[in-house]
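Reader: I'm in my first year and I keep tripping over the vocabulary. Could you take me through this one, term by term?

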Amino acid sequence: MSLDVIIIGGGGHARVVLDTLRSMQANVIGYLAPTKASRMPVEYLGDDSSIRKYSSTDVELANGLGSVGSQNLRSMVYNRFKERGYRFTTLIHPAAIVAADAEFEEGCQVMAGSVVQTGVYCGENVLINTRAGVDHDCTIGANTHVSVGVTLSGDVSIGSHVHLGAGSTVIQGISIGDYSVVGAGAVVIADVGSDQTVVGVPARRIVK
Ligand SMILES: CC(=O)SCCNC(=O)CCNC(=O)[C@H](O)C(C)(C)COP(=O)(O)OP(=O)(O)OC[C@H]1O[C@@H](n2cnc3c(N)ncnc32)[C@H](O)[C@@H]1OP(=O)(O)O
């Protein structure tokens with residue numbers, strides 16, 4: 001891979017994205033953030049408005065925002081730069097194991113140690129974070145975060161803008177609706193509707 005890439009964001013996820021891009025041999029020019037980050041080991045290019053110095057035909061972007069619940073910020077950043085004509089790189093860490101027929105739309109990120117099996121489909125800007133397992137024939141909607149150590153069994157259907165919390169497990173054939181949140185460590189054994197938060201073992205809805 002030989003591509004000039006700018007990372008949006010300067011926090012922890014942005015540094016993981018930087019490391020992933022470098023392991024893919026990408027040429028990372030720098031990052032955009034409201035202020036210079038103390039621990040981001042690549043050039044600070046300014047705030048988001050500085051993107052105007054870079055043509056959308058010369059660079060691609062990488063979404064450096066993580067999330068611990070709502071996906072609003074990650075999707076807002078993605079949409080804002082897409083509207084301005086920029087394209088987001090799809091990242092697949094060389095230490096991820098990905099089936100040949102798995103499909104990823106623009107801007108997906110598959111982090112180190114994760115396994116994505118045959119028949120999986122991921123919409124735009126999906127993040128499959130470190131050491132997550134996505135088994136056969138799962139579909140994952142746009143802007144969803146499958147966070148660290150999640151286990152998705154076979155034939156699971158996840159909506160868009162969903163957060164699957166660290167270490168949660170979803171058994172086979174389950175559907176989870178758009179904008180829902182699954183708490184860290186939850187075990188989901190029944191379908192979850194849209195815009196719900198579920199926690200615990202087995203996962204139960206909490207009203208926020
Ligand atoms: C690289 C990375 O870091 S990736 C990011 C990894 N991090 C995550 O995935 C974080 C996932 N987030 C969670 O699990 C959160 O606790 C959420 C989103 C489910 C809920 O957060 P909040 O909306 O702030 O809820 P809050 O903390 O007020 O808890 C509400 C109730 O649910 C309970 N609860 C919250 N999370 C959980 C959980 N994961 N498991 C069991 N119970 C939980 C709380 O104990 C509390 O119960 P109470 O009312 O009886 O006291």
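**Talking through the terms**

Author: Sure. The secondary structure of the protein chain comes to two helices and 23 strands. This is a predicted model, where local features need pLDDT of at least 70, side-chain atom pairs count only at pLDDT 80 or more, and totals for chains, interfaces and linings use all residues. Residues are numbered from 1 along each chain as its sequence is written.

Reader: What makes a run of residues a helix or a strand?

Author: Both are DSSP runs, numbered from the N terminus: H or I with at least four residues for a helix, E with at least two for a strand. β7 (103–104) passes as a strand by that rule.

Reader: How do you know that the radius of gyration agrees with a compact globule?

Author: The radius is taken over C-alpha atoms, and the globule rule is 2.2 Å times the number of residues to the power 0.38. For 208 residues that comes to near 17 Å, and the protein chain has 17 Å, so the two agree. Along the principal axes, the C-alpha atoms fill a box of roughly 50 × 40 × 30 Å.

Reader: Where do the domains begin and end?

Author: Domain 1 covers 4–89 and domain 2 covers 90–207; such bounds come from an automatic or database domain assignment. Their centres, over C-alpha atoms, are 23 Å apart.

Reader: How many residues of each domain are in contact?

Author: Contact means that the C-beta atoms, placed from the backbone, lie within 7 Å. On that basis 17 residues of domain 1 are in contact with 15 of domain 2. On the domain 1 side, α1 (12–23), β4 (60–63) and α2 (72–83) each supply at least two residues, and α1 gives the most, with five. That side divides into seven nonpolar, eight polar and two charged residues. Here Ala, Val, Leu, Ile, Met, Phe, Trp, Tyr, Cys and Pro count as nonpolar, Asp, Glu, Lys and Arg as charged, and the others, Gly among them, as polar.

Reader: Why is the ligand said to lie between the domains?

Author: Because domain 1 and domain 2 both give residues to the shell around the ligand. A residue is near a molecule if its C-beta atom, placed from the backbone, lies within 6 Å of it. The ligand is surrounded by 17 residues, the closest being Gly-165, Ala-166, Gly-183, Ala-184 and Val-199. By class, the shell has seven nonpolar, nine polar and one charged.

Reader: What makes two strands a pair?

Author: DSSP has to find at least two bridges between them. β7 and β10 (residues 121–122) have two bridges in the parallel sense, so they pair. Phe-104 has Cys-122 in β10 as its bridge partner. These strands belong to an open sheet of five, ordered β7-β10-β13-β16-β19, with parallel pairing.

Reader: Why are β5 and β23 at the edges of their sheet?

Author: Their open sheet has eight strands, in the order β5-β8-β11-β14-β17-β20-β22-β23, with mixed pairing. β5 (91–92) and β23 (204–206) each have a single partner strand, so one side of each is left without a neighbour in the sheet. For β5, the partnership with β8 (residues 109–110) is parallel, over two bridges, and Leu-91 stands opposite Gln-109.

Reader: What is the peptide bond from Val-201 to Pro-202?

Author: That bond is cis, with omega near -10 degrees. Pro-202 is in the loop between β22 (197–199) and β23. Most peptide bonds are trans.

Key. Contact = placed C-beta atoms within 7 Å.
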